[in-house]
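Reader: I am new to reading protein models, and I would like to learn how the words used for them are justified. Could we go through them slowly?

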Amino acid sequence: MTHNTPLSPRPLRHLSEIHRRVMTAAQLKSHGVATAEMNEQCRPGGPWQQLLPGVLLLHPGPPTGEERLHAALMYASRERTPGVPAQPNAGEEHAAPAYPEVMITGLAALTLHGFSATPPLTALDTIDVLVPRMRRLRSAGCARILRTSALPTPRQVTGLPVAPVPRALADAVAELTDASAVRRLLTEAVRGGHCEPASVVRELNQAKLLGRPHVVDAVDSLLAEGRAIAEDRLYAMVHEHGLPDPVWNVDLRLPGGPHLGGLDAYWPEQAVAVELDTRAPRQEEDALRSEYARKRETLERLGITVVHITPKKLRDGTEQQAAVVRTALMAAADRDPAAYVVVLPR
């Protein structure tokens, strides 16, 4: 054996099924396939085809949705290091490859998250892939490269790195001009329990999309949807955890005096109030925060205990929030009587 003698090719049988169908040129070379042979296999009418620069599909015919996803990730991560995305070790047929610092986003990510308002993977013209801003990489074929200065932590969906729903929504909305399509996506995100409105609006704000009229209209619908769902959860929390019935959706006023603010639930005898904090981070966030803080401080000076609950806490920790309200109600007996206020329907 001379120093020019290639090492024995690594067998392909140890690879998972998807990686016997989609491979990079560098991976094929590591298995002993020469460039000339790749070119011959990819000739017109040949058994292989080039899906993306440096990424080959090892069968004729159209690629499946799964193959396109892996091809896009392979293309986006192939130049990060001299090596290509890590492959399973021998004998680990079902191990997932490593795609460091890249992830599926946009409509493809939402489809993977289970959205019904997005097209199937095979119907998407492009697969959006999120990469670090400094990566030297251009969009090609079905892979559209999106750069970001701060990569979110990906979710693993079917063994693939996928952007969290709020980020995937923002990347999808950035490419959409149809107001009804944007509204459907945002509504499904909240109604389907994928995320809370605040996290969606935060991503849209960071992406500077809230200046687009059709996005603003969809956000207004999103916030209304999120508040309605949060109110339903609050009703359920009170009844399912045996809390006494409050008066719902009321305004408080001082007798003959100013308006003190609206509340979602109020127990007059105990002077305990619950306010759903459904604010979303937008341009006027500071002003909203100040308004919430002023109202809370005013009510507490009058001896009224205000419990703020976010929609996320209601969704993920209903029992804990019920305990907080119950504690406030029980502690009322040890507090000085609250000032008299007028309770009006809101």
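Author: Let us begin with pairing: two strands pair if DSSP finds at least two bridges between them, and strands (E, at least two residues) and helices (H or I, at least four) are DSSP runs, numbered from the N terminus. This is a predicted model, in which local features need pLDDT of at least 70 and side-chain atom pairs count only at pLDDT 80 or more, while totals for chains, interfaces and linings use all residues. Residues are numbered from 1 along each chain as its sequence is written, and side-chain values use heavy atoms, with hydrogens and water left out.

Reader: How do you know that β1 and strand β3 pair?

Author: DSSP finds 3 bridges between β1 and β3 (residues 55–57), in the antiparallel sense, and the definition asks for at least two, so the two strands pair. One of the partnerships joins Val22 to Leu57 in β3. Both strands belong to an open sheet of 3 strands with the order β1-β3-β2.

Reader: What makes β1 and β2 edge strands?

Author: Each of them, β1 at 22–24 and β2 at 49–52, pairs on one side only.

Reader: Which order and which pairing does the sheet of 5 strands have?

Author: Its order is β12-β11-β10-β9-β13, and the pairing is mixed. Strand β11 (residues 272–276) pairs with β12 in the parallel sense over 5 bridges, and Glu275 has His308 as its bridge partner in β12. Helix α11 (residues 318–331) lies across β10, β11 and β12, and it runs at about 180 degrees to β12.

Reader: Why is α5 called oblique to α7?

Author: Helix α5 (residues 165–173) and helix α7 (residues 197–206) pack at about 45 degrees, with their axes 8 Å apart. Angles run from 0 to 180 degrees between N-to-C directions, and the axes are lines fitted to C-alpha atoms, for helices over the stretch in contact. Angles under 35 degrees count as roughly parallel, over 145 as roughly antiparallel, 65 to 115 as roughly perpendicular and the rest as oblique, which makes α5 oblique to α7.

Reader: Why, then, are α6 and α8 called roughly parallel?

Author: The axes of helix α6 (residues 179–191) and helix α8 (residues 213–240) come within 9 Å and cross at roughly 25 degrees. By the cut-offs for angles, α6 and α8 are therefore roughly parallel to each other. Among the residues that make the contact (heavy atoms within 4.5 Å) are Leu186 and Val190 of α6 and Leu222 and Gly226 of α8.

Reader: What makes Val190 buried?

Author: Buried means under 20% relative accessible area, exposed over 50% and partly exposed in between, with a 1.4 Å probe and protein chains only. Val190 has a relative accessible area of 5%, so it is buried. Leaving aside neighbours within four places in sequence, Val190 is in contact with residues including Cys195, Pro197 and Ile229. Its C-alpha atom is separated by 6.3 Å from that of Gly226, although the two residues are 36 apart along the chain.

Reader: Why do Cys142 and Cys195 count as buried?

Author: Cys142 has a relative accessible area of 13% and is therefore buried, and Cys195, at 6%, counts as buried too.

Reader: How many disulfides does a search of the whole structure find?

Author: A disulfide is a pair of cysteine sulfur atoms within 2.5 Å, and the search of the whole structure finds 0 of them.
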